[in-house]
Amino acid sequence: MFQLPRRMFVAAAVAAGVALAGAAAFAEDYPSKPITMIIPLGAGGSHDLNARVMTSVLPSYLGEPVVVQLMPGASGRIGTAAAAKSKPDGYTLLFTHNFIDELQQHVTKLPYDPNKDFVVVARTNYAPPSLVVRADSKYKTLKEMLADAKANPGKVKFGHSGQWGAAMVPGAALLQAAGVKMTLVPYKGGGPAMRGVLAGDVDFTVAFPSVITSQGDKVRTLVTFADKRVFKDVPTSGELGFPDVASIATMQRIVLAPAGIPKDRLAKLREGFAKMSKDKTYMKLLDKLGENDEFMTGADYQKMREKQDKSYATLVKELTK
Amino acid sequence: MLHSILASIDLLMRLDTLLMMSFGLVLGIFIGALPGFTTTMAMAVLLPISFFLSPVVGIPFLIGVYKGGIYGGSIPAVLVGIPGTGASVATTYDGLPLTKKGQSRKALDMALAASAIGDFVASFFTILLIGPIALIAMKFGPPELAAVMLLSMLIIAFSGTTMVIKSLMMLLLGMFFAMIGQDPIGALSRFTFGFFPIESGINLLPMLIGLFAIPEVLLSIEEKTKPFVEKSVRPEGDRLTLHELSECKRTIARSTVLGAVIGVIPGVGQVVAALMAYAAAKTASPHPEKFGTGILEGVAAPEAANNAVNGPTMVPLLTLGIPGDNITAILLGAFVVQGLRPGPQLFAQQAPLIYAILFSMIIACVLLYALGYLLIPLFSKVVMIRKAYLVPLTIVFAFVGTYVYRSNVFDLYFLIFFGLLGYAARKLSFDVTPLVMAFILTPVLEYSLGQSILLSQGNLLHYVVIERPLALGIILATPLLTYLMWYRTRKLRNPNPVNGTLPLPAEQ
């Protein structure tokens, strides 16, 4: 009766000893075990899909598999908090986007500080959102819509993908810049919001290129929130007189590591992700997903991130006052 | 259309498609059978495999995982009373009593047959009626969804086996639990008392495992003198006979229709379909008092319905390119990586391929039945495990299953909390079904109600009456349908059973 636990204890002790010895012997040999990449979002979203592409290529450059762990909930705060609390040993990463990373701190009290608790490994790519209406909408241009909204505050209905989400922020930033009031209707994600546009429940939504292309001639795109055109005949927000909206509105997909990660490990990760971004299979799969592969180094993105912090602070202040 | 359909069959008839689909089905069944591993997780993990296969192989593979997973959830529900997913909650009501009577094989066979038939028929009609289904799905916006949610909750509360007041209490409790965490419209925290771990709210999985598995374990410890299954040479019992299956044909037909109709409405899903079908079967039955005591109809009703939902949920994805739930969102990912963007464009250009995918759903049902039939003897051996081992094993599975879901220690506290709550409910003759139903539906109700108010721009009544005839119709039908369900099941709720022959909810 007492033998089993004791035997188990001895086995556990031996195993722990081996593990410790192993850890000591290979301390410099990072990575020596699979790396966990936390995504603070749900299954099937664009981050999940991007991550599946990344993890099918990354092992060739890091030497170890990368395991995706989905931790959705509370607008991305649950997964981010878990990553912030994890050991900064390079075995836990966070794959997130700017609206969670830099915007949430201005909306609510967080159990972490994004700027102190994380360092940037890389920006893997970005997604430029566009404003779309149904093909038979009376709004032919953005100007017409904004004029109508100005004349009738609250009349135009904007269906977005959820409070402070990737489709809401671009639209809200535009409304703020144009100084108009509309009715904001949240949907559970970009798909249902697009359905709302197609059914005529709302006047417009904000969506990413791949979603828009799949709708063919059922929708009309009025403006793209980016520095350069995505669709040949659709103007950018800058061209229409809103120069500052694009930098707030673009969704940046980023990989973060908990602050305090040893310098050499961070360097190894940054190098691995940079190599991944040049991989042929990676580029091909992303292209099929309708995503670009515009990679940016962690150091460069860090500067962009500091600017976002300031612009989101202003945006949230304006919108919630 | 006919030409496209014939071309699509040509696309599908290849050995690698059938083999990969079978592989997906077996994986799905095993993963679905493990508590804590959801079909969605399985599909997300297996998705990259499809990247490197041709579309007519890779996507049927994922469809196999999907169908296998939804069926697999019924296995632990029948054998140990743990619903692997929300969709198999209602399967535990008669599945576990059947196992205790030594008829686990029959119960598993019935779950399989009902799942395969429900899925097959619903998928078949989906192919025939894909155009009209897409049009109807479009009519269900936020106000209609809110009305359907309210109706579903009331029907469950008024058709239970306990007093209506008790059911309503459980309903309200479920609504309260659902409101803990972020509010869905404005993303503000509610009832969290500034406590971060519960900001994302209570998760369904610890609640389900807690409410269903833990009380079962505690009760079987109390009854330790009685063996789990009556001792016999073959404790798993005989296989299902054709006669028994044909006795349930009306139930299966009703559940299939109900499941398919619910599947057409975006955002409602398998859980509601299964619970509603169970309630409907009970209401329509000449012997409603037998439900919950271990009858095959009680297994057939929810299992046919939850699988019948699968076919129609594919319609918004394939016709509009809009996924209705997480599972179809992952399928969308599989499509786009293949360079296929579902939507009106793709349907116009590549109709044979779309029909091939739809037909693979039908073939998957046939394969599901064949593979399930071969695997059931293996699973039904679980009941041969001695109770002294089975009970601790169930506890281990309950805790491990809860933890692996999202590695949150807090979920374990919720598991214990709901375990004790479920145990107390059993002892006090409260039925937990309305609680679960309200917990699952309240977020959808609240969200769609909030959206409706925003859409109405402040004048909800005017908006519903003038612009939303369908929502108005559902709202007007609600009192009538609720009364009907209450009237048909009123005899079950005799507060003073004369000689104890009436089933108490504790028997469920």
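What follows is a short exchange on a predicted model, covering strands, a sheet, helices and a chain contact.

Trainee: What makes strand S4 of chain A largely enclosed by the rest of the structure?

Mentor: Count its buried residues. A residue is buried if 20 or more other C-beta atoms lie within 10 Å of its own. In S4(A), residues 118–127, 7 of the 10 residues are buried, so the strand is largely enclosed.

Trainee: How do you know that S4(A) pairs with strand S10 of chain A?

Mentor: Pairing needs at least two bridges. S4(A) and S10(A), residues 251–258, have 8 bridges, in the antiparallel sense. For a landmark, find Asn125(A) opposite Arg253(A) in S10(A).

Trainee: How many bridges join S4(A) to strand S11 of chain A?

Mentor: There are 2, and the strands run antiparallel. The cut-off is at least two bridges, so this counts as a pair. S11(A) covers residues 296–297. Here Arg123(A) stands opposite Met296(A).

Trainee: Why is the pairing in the sheet called mixed?

Mentor: Strands of a sheet pair either parallel or antiparallel. This open sheet of 6 strands has the order S2-S1-S3-S10-S4-S11 in chain A. S4(A) and S10(A) are antiparallel. Strand S1 of chain A, residues 35–39, runs parallel to S2(A), with 5 bridges. Thr36(A) stands opposite Val67(A) in that pair. Both senses occur, so the pairing is mixed.

Trainee: What makes S2 and S11 of chain A edge strands?

Mentor: Each has a single partner strand, so one side of each is left without a neighbour in the sheet.

Trainee: At what angle does helix H14 of chain A run to S4(A)?

Mentor: At about 85°. Roughly perpendicular spans 65 to 115 degrees, so H14(A) is roughly perpendicular to S4(A). The helix, residues 298–320, lies across S4, S10 and S11 of chain A.

Trainee: Why are helices H6 and H7 of chain B called roughly antiparallel?

Mentor: They pack at about 150°, with their axes 7 Å apart. Angles over 145 degrees count as roughly antiparallel, so the label holds. H6(B) brings Thr91(B), Gly95(B), Leu98(B) and Thr99(B) to the contact. H7(B) brings Ser104(B), Lys106(B), Ala107(B) and Ala111(B). They divide into 3 nonpolar, 4 polar and 1 charged.

Trainee: How many residues of chain A are in contact with chain B?

Mentor: 41 residues of chain A meet 39 of chain B. The cut-off is C-beta atoms within 7 Å. Helix H9 of chain A gives the most to chain A's side, with 6 residues. That side divides into 15 nonpolar, 17 polar and 9 charged residues.

Conventions:
Residues are numbered from 1 along each chain as its sequence is written. Chains are lettered from A and ligands numbered from 1 in the order in which they are written. This is a predicted model: local features need pLDDT of at least 70, side-chain atom pairs count only at pLDDT 80 or more; totals for chains, interfaces and linings use all residues. Two residues are in contact if their C-beta atoms, placed from the backbone, lie within 7 Å. Helices (H or I, at least four residues) and strands (E, at least two) are DSSP runs, numbered from the N terminus. Ala, Val, Leu, Ile, Met, Phe, Trp, Tyr, Cys and Pro count as nonpolar, Asp, Glu, Lys and Arg as charged, and the others, Gly among them, as polar. A residue is buried if 20 or more other C-beta atoms lie within 10 Å of its own, exposed if 12 or fewer, and partly exposed in between; C-beta atoms are placed from the backbone. Axes are lines fitted to C-alpha atoms, for helices over the stretch in contact, and angles run from 0 to 180 degrees between N-to-C directions. Angles under 35 degrees count as roughly parallel, over 145 as roughly antiparallel, 65 to 115 as roughly perpendicular and the rest as oblique.
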